[in-house]
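Trainee: Before I start asking why things get the labels they do, can we have the model up on the screen?

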Amino acid sequence: MASKHKVNQGSWDGFSEQPYPVRNRYTVFERIRCCLWSHFKSVLFTIGALPAIVGFQGALSLGFRPRNWTYRSRIPQEFMGIAVGLDSCDGPRVAHEIEKLGVQQILLRFPIWEMDRLEEHWDFVESLPNCEFVLCPMQDREHILDHDLWRKNLNTVVQRFWPRIKSYQIGQGINRSKWGFFGCDEFLAFASVAEELRSNFHGIQFVGPCVLDFEPVPFIRSMLHRYDINWDVAGCALYVDRRGCPRNRQLLIFNLTQKIYHFVACVLCSNKSSRRLWITEVNWPLEDQGVYSPTGRKECVDEETAAGYLNSYYEDAWQSEFVERVYWWQLISRGYGLIDVNDDNELRYRPAYYQFQKLLTKNLTDSDQLEGNKIVGSSVSSMM
């Protein structure tokens, strides 16, 4: 393993609000040496669980609905959420736009390596008394390696927000080395520290593992293990932008609906998770945003197409009934937000903003199923 100093180095991309790739910080060999055995075990767990998962997924596709599952509400305001960070825009302005939009479910990212900003984030939460919050204390490599530091800072964070916030996402991008984890075992050991909080904070909820994209192996491994962490809510950052439209298929089978069924099947096979599923993060990167784009050009779409994809994503997740919440990342951002912000801090509402608002304020019932809201491309502009 590389020296602690080298491994702990981090580099945050404030434009796209994510870490820079790790290739310039440590070599492929160093990373493989840290995670080879963990990856091997993850594959073994997946092979062992796959027959049961396939069976459950087939049954779900045919209409099977388990009785012990927590299904989504019939109220859009309980189903649709926004994930936010306080980098692209200051807290008071973000809070104002949240109130204006009318969204009530908020997932707030907090960089655990910036404990000096704790009060700034508390002030933001306090300014939105009518919103229900989930807090995601984003990790870095230093906190992953130093469990005592992680334990200390996590306890400080929870104490500050308790009992205003009772739900905490543990782990961000756990299947991407740029987020600091070099394998599922490293993540599960890290997450198990959070489990210690239950004795002092009765009713605390942990959301995880929040695997990025549709990657079943790390998700299955994080659902089947012998570590101490138990998930009160199974969470996944189910991006599908590499496939374009949510209804496009991956591996000939997996459109968004089938991906949801697959993750539900994984949870049904889990020994460490309650029967609940949240999608904690999704968006489409936008064209011509330069350094603000979080991904490559291939995945980028124009603003009107992004609005259409947003509609399709929420429609399919709603119709599945298994997804309790879907958080859009994020509200204000140049590269992917519902609202654009320029160098003068002026805001512009994108087509996706109006589409999100339309879905949020529609009175939905089971019979509605979001019908009548299908849009493609330029038809979004008619709502503006």
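**Labels and cut-offs**

Trainee: Why is Arg198 called partly exposed?

Mentor: Arg198 has 22% relative accessibility. Buried means under 20% relative accessible area, exposed means over 50%, and partly exposed is in between, with a 1.4 Å probe and protein chains only. So at 22% Arg198 falls in the middle class. Keep in mind that this is a predicted model, where local features need pLDDT of at least 70, side-chain atom pairs count only at pLDDT 80 or more, and totals for chains, interfaces and linings use all residues. Residues are numbered from 1 along each chain as its sequence is written, and side-chain values use heavy atoms, with hydrogens and water left out.

Trainee: What about Glu195, buried or exposed?

Mentor: Buried, because its 16% relative accessibility is under the cut-off. Across the chain, buried residues make up 58% of the 384 residues.

Trainee: What makes Glu195 and Arg198 a salt bridge?

Mentor: Their side chains meet at 2.6 Å, N to O. The rule asks for a side-chain nitrogen of Lys or Arg within 4 Å of a carboxyl oxygen of Asp or Glu, so this pair qualifies. Side chains of opposite charge can pair when their charged atoms come close. By this rule the count comes to 25 salt bridges.

Trainee: How do you know that Asp148 and Arg151 are about one helical turn apart?

Mentor: They're 3 residues apart in helix 7, which covers residues 147–161. Helices here are DSSP runs (H or I, at least four residues) and strands are too (E, at least two), numbered from the N terminus. The chain has 12 helices and 12 strands. Asp148 and Arg151 also form a salt bridge, with the closest N and O atoms 2.9 Å apart. Asp148 counts as exposed because its relative accessibility is 57%, while Arg151, with 31%, is partly exposed.

Trainee: What does the salt bridge between Arg221 and Asp185 tie together?

Mentor: First the bridge itself: the closest N and O atoms of Arg221 and Asp185 are 2.9 Å apart. Arg221 lies in helix 9 (residues 216–223) and Asp185 in helix 8 (residues 184–195), so the pair ties together parts that are 36 residues apart in sequence. Arg221 is buried at 3% relative accessibility, and Asp185 is buried at 11%.

Trainee: Which residues are linked in a network of salt bridges?

Mentor: Arg176, Asp213, Glu215, Arg242 and Glu299.

Trainee: And what does His147 touch beyond its neighbours in sequence?

Mentor: His147, found in helix 7, touches Ala189, Phe190 and Val193 once residues up to four places away in sequence are left out. A contact means heavy atoms within 4.5 Å. His147 and Ser192 are 45 residues apart in sequence, with their C-alpha atoms 9.8 Å apart in space. For the chain, take contacts between residues at least 6 apart in sequence: 76% of them join residues at least 24 apart.

Trainee: What makes a space a cavity, as opposed to a pocket?

Mentor: On a 1 Å grid over the protein atoms alone, a cavity is a set of points where a 1.4 Å probe fits but cannot get out; a pocket is an open set with protein on both sides within 12 Å along at least five of seven lines, and lining residues have an atom within 4 Å of a point. Grid points are joined across faces, edges and corners, and the volume is the space filled by probe spheres set on the points. The structure holds 2 cavities of 30 Å³ or more. The largest cavity has about 70 Å³ of space, and its lining includes Trp12, Arg109 and Trp329. The largest pocket holds about 370 Å³. Of its 21 lining residues, the closest to its centre are Gln18, Lys178, Leu212, Tyr239 and Pro294.

Trainee: How much should I trust residues 364–384, by pLDDT?

Mentor: pLDDT is the predictor's confidence in each residue, from 0 to 100. Residues 364–384 stay under 50, and residues 1–9 also stay under 50. The chain averages 90, and 89% of the residues score at least 70.
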